[in-house]
Amino acid sequence: MSDEPPVIDDDSLADADEVRRAMEYYASRGWTDGLPVVPVTASYLEEFLATTSRDPDEVILPMPHLNKALTVRLAAINAALAGCLPEYLPVVLAAWDAFLADGMVSRAIWQSTTGTAPFSVLFGPLRTTLGFNARGNVWGSGFRANATVGRAIRLGAINALGLKPHVFDQATQGNPGKYSCFIAENEEDSPWPSLAADNGFDPADSAVTSTVIRSVLHIEARHTIVPEQLVTDLADSLCRTGALVRPNAAGFIVLNSEHAWMFDSRGWSKHDVRQAITDRGWRTYRDLAAAGKEAIAKGTGWRLPADHPDAIPQEVPDDLDTPVQLVKSIESVQIVVAGAPNAGVSSIVETFGFWDRPMAMVKVEEK
Amino acid sequence: MLERAGIPAVSICTHAFKITAEAMALILGFPGYQYVTVPHPIASRTQEEIDEIAAQALPEIVRVLGAGLTIRPPAPAG
């Protein structure tokens with residue numbers, strides 16, 4: 001990286017004004033997430049479409065209730081707008097395919113007040129070939145592939161599916177991941193096979209998983225080398241009452257490799273970690289009642305107080321410290337290793353699943 | 001959907017969702033579709049407050065229903 005300030009001499013780019021005019025044109029049409037977008041010409045679009053053998057008119061994600069459909073062409077246009085390089089397109093398409101398989105987007109979740117962000121994880125050799133960051137600052141900025149592929153999804157939602165904030169995107173607050181939220185697994189610094197390998201994908205292939213998320217929680221745990229303490233800390237955050245709208249808790253545990261190696265060095269497999277978090281994935285009835293989330297609503301199935309008129313009648317346990325299981329099974333706890341191996345800092349990605357459906361993972365189809 | 005099937009219906013939403021409701025009607029080809037709007041919020045109100053909102057909305061609900069179908073079903077083929 002150059003030490004030069006990022007200002008270009010006017011003489012070296014004769015059409016800089018023209019570039020700005022094009023950016024302002026896109027902004028004036030509302031074809032943006034608020035940040036400047038890259039102007040897309042027909043010839044530039046062709047460069048993207050040349051990276052895939054898929055028909056440009058193929059519908060990737062139909063949205064019939066909005067009279068919209070995301071096609072390969074629209075996905076490519078929005079990838080270009082987002083600042084992707086053409087060779088990123090197969091990853092963008094696989095991410096969209098995974099959103100279709102996940103199902104929540106088709107169920108209009110991006111119109112919901114909850115305000116979920118698109119979230120994807122890339123596995124396999126394309127991480128390094130295309131320059132995806134899986135190490136330090138994995139949630140942060142600074143890496144074109146992560147930043148622009150994640151942004152391509154959000155721009156596709158806004159421009160192709162019509163999910164503009166204040167209109168069809170009714171998010172009460174949304175979350176910062178809605179600008180871009182695309183990470184890669186740090187397979188090189190992990191003691192375990194990747195999540196894609198766990199799901200039967202060949203390590204020579206690249207794959208993407210996608211789902212919708214509500215938040216990324218920071219887990220500060222530099223203090224322990226006792227696996228039981230760390231899984232207790234993780235389970236506590238995964239089961240915080242504030243996240244409970246539905247009866248159950250679920251999410252990705254994004255372990256930095258230091259934590260992963262700590263587990264491994266003490267003989268814990270990835271499965272052992274998931275099982276231990278699941279086993280601790282409960283709150284007492286007393287805790288839930290203190291937050292008014294001890295009962296389940298008829299109809300919506302959401303959590304609410306037992307004395308609410310919509311609550312399904314239930315018996316109050318004799319012992320208020322009776323555990324109420326929130327993590328249904330280890331399928332609700334998925335582990336990805338990412339980040340720098342330099343501190344005991346991990347995170348939890350609060351998803352809007354997977355308690356009722358399998359995780360969606362799709363192979364990246366390279367031309 | 002009910003009105004497409006020829007059944008009179010009325011949609012009720014809170015003020016907070018009016019823009020979205022109107023955009024939805026427009027995109028589905030029914031600009032100007034009549035909604036009944038009630039004050040926001042709903043979820044955090046007491047039963048008594050909800051009853052009062054319902055009572056206040058009732059005349060408008062009856063008016064929209066009584067006005068007949070806000071969407072006319074297509075004429076039978078042939």
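Let me start with chain B. Helix α1, residues 18-27, has five residues I want to point to: B:T20, B:A21, B:A23, B:M24 and B:A25 are buried. This is a predicted model, so please hear everything that follows in that light. The cover over the buried residues of α1(B) includes two strands of chain B, β1 (11-14) and β2 (35-38). After α1(B) comes B:G29, with a positive phi, near 90°.

B:M24 takes us over to chain A. There, A:Q111 sits in the loop between α4 (89-102) and β3 (117-123). Is A:Q111 buried or exposed? A:Q111 has a relative accessible area of 9%, and since the cut-off for buried is under 20%, A:Q111 counts as buried. Leaving aside residues up to four places away in sequence, A:Q111 touches A:H65, A:L66, A:L163, A:F168, A:D169 and A:Q170, and from the other chain B:M24.

The loop with A:Q111 leads to β3(A), and β3(A) pairs with β5(A), antiparallel, over seven bridges. In that pairing, A:P118 is opposite A:V212 of β5(A).

Now β5(A) itself, residues 207-220. Of its 14 residues, 11 are buried, so the strand is largely enclosed by the rest of the structure. β5(A) also pairs with β12(A), residues 345-351, again antiparallel and over seven bridges; A:I219 has A:S346 as its bridge partner there. With β13(A), residues 361-363, β5(A) forms an antiparallel pairing over three bridges. The partner of A:A207 in β13(A) is A:K363.

Definitions and conventions. Residues are numbered from 1 along each chain as its sequence is written. Chains are lettered from A and ligands numbered from 1 in the order in which they are written. This is a predicted model: local features need pLDDT of at least 70, side-chain atom pairs count only at pLDDT 80 or more; totals for chains, interfaces and linings use all residues. Side-chain values use heavy atoms; hydrogens and water are left out. Helices (H or I, at least four residues) and strands (E, at least two) are DSSP runs, numbered from the N terminus. Buried means under 20% relative accessible area, exposed over 50%, partly exposed in between (1.4 Å probe, protein chains only). Contact means heavy atoms within 4.5 Å. Two strands pair if DSSP finds at least two bridges between them.
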